[in-house]
Amino acid sequence: MIAETVCSAVSAAGLGIAAVTAWRKRFLAAARIAAYALVPVGLVMTGVVGWLADTAFSLTAWAGFCVLAVAWLLFVTTRAVERRRGGGTRKERRAARTAEREPVAPAAAAPALGASRPPATRAKATPRAGDSSDDFSDIEAILKKHGI
């Protein structure tokens with residue numbers, strides 16, 4: 001009974017705001033406000049508000065909502081674990097395996113400019129006291145490798 005009264009008051013206030021808006025020559029906004037204002041009265045007339053009031057105070061309904069929440073939580077958790085493992089359906093796994101086996105076109109792997117060279121290894125930044133000949137041999141090997 002209280003819910004119906006509140007919904008009626010909200011609708012009346014909304015229709016009053018719509019009338020003021022229409023008086024200001026903003027008819028599109030007034031029509032939109034009137035549409036929103038009529039929703040609570042429509043819900044009362046269809047019985048949705050009464051059903052919600054009965055549901056809100058029903059222990060069985062709240063237990064049902066809890067069961068639905070647990071089911072949803074289980075569903076979401078299993079999907080997250082499945083995605084984390086890289087699972088998926090059998091078709092998705094098969095498609096992933098065939099995609100790994102497909103060769104890459106040679107032109108796609110080549111650089112756009114110039115011939116491909118392997119990256120140069122870094123020379124040691126700080127030479128040790130007894131390893132000066134080793135340091136120079138490493139540098140010499142790198143220079144020979146690059147044709148210098």
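## Reading a seven-helix model

User: How do I read burial: is Thr55 buried or exposed?

Analyst: Thr55 is buried, with a relative accessible area of 12%. The cut-off for buried is under 20%, so Thr55 qualifies. Keep in mind that this is a predicted model.

User: Where does Thr55 sit, and which residues does Thr55 touch?

Analyst: Thr55 belongs to helix α3. Leaving aside residues up to four places away in sequence, Thr55 touches Ala61, Trp62 and Phe65.

User: What share of the chain is buried?

Analyst: Of the 148 residues in the chain, 9% are buried. The chain exposes about 12800 Å², and carbon and sulfur atoms supply 67% of that area.

User: How many helices and strands are there?

Analyst: Count seven helices and zero strands. Read from the N terminus, the order is α-α-α-α-α-α-α. Now look at contacts along the sequence. Among those with a separation of 6 or more, 33% join residues 24 or more positions apart.

User: How do I read confidence: what is the mean pLDDT of the chain?

Analyst: The mean pLDDT is 80. A value of 70 or more is reached by 76% of the residues. Then go element by element. Helix α2 has the highest mean, 93. Helix α6, residues 106–109, has the lowest, 58.

User: Which residues make the nonpolar surface patch?

Analyst: The patch is made by Val39, Leu43, Val48, Trp51 and Leu52. Together they form about 450 Å² of nonpolar surface. Two helices, α2 (27–46) and α3 (48–56), each supply at least two of these residues. Helix α3 gives the most, with three residues.

User: Why can Leu43 count toward a patch?

Analyst: A patch residue needs over 30% relative accessible area, and Leu43 has 37%, so Leu43 passes that cut-off. Leu43 is partly exposed and lies in helix α2.

User: How many salt bridges does a search of the whole structure find?

Analyst: The search finds two. The test is a distance: a side-chain nitrogen of Lys or Arg within 4 Å of a carboxyl oxygen of Asp or Glu. One pair is Arg79 and Glu82, at 3.1 Å from N to O. Another pair is Lys144 and Glu140, whose closest N and O atoms are 3.3 Å apart.

User: How are Arg79 and Glu82 placed in their helix?

Analyst: Arg79 and Glu82 are three residues apart in helix α4 (residues 59–85), so about one helical turn separates them. Arg79 is partly exposed at 34% relative accessibility. Glu82 is partly exposed too, at 29%.

User: How many residues apart are Lys144 and Glu140?

Analyst: They are four residues apart in helix α7 (residues 132–145), which means about one helical turn lies between them. Lys144 is exposed, with 61% relative accessible area. Glu140 counts as partly exposed, at 43%.

User: How many disulfides are counted?

Analyst: The count is zero. A disulfide would need two cysteine sulfur atoms within 2.5 Å. Still, check the cysteines. Cys7 is buried, with a relative accessible area of 17%. Cys66 is partly exposed, at 48%.

User: What is the phi of Lys25?

Analyst: Phi is near 65°. That is a positive value in a residue other than glycine. Lys25 is in the loop between α1 (2–23) and α2. The cut-off for exposed is over 50%, so Lys25, at 64%, is exposed.

Definitions and conventions. Residues numbered from 1 in each chain as written. Heavy atoms only, no water. Patch = residues over 30% accessible without salt bridge, like charges linked within 9 Å, V, L, I, M, F, W, Y side chains within 5 Å. Areas by Shrake-Rupley, 256 points an atom, 1.4 Å probe, with all protein chains shown as cover. Buried < 20%, exposed > 50% of the residue type's maximum accessible area, 1.4 Å probe, protein only. Contact = heavy atoms within 4.5 Å. pLDDT = per-residue confidence, 0-100.
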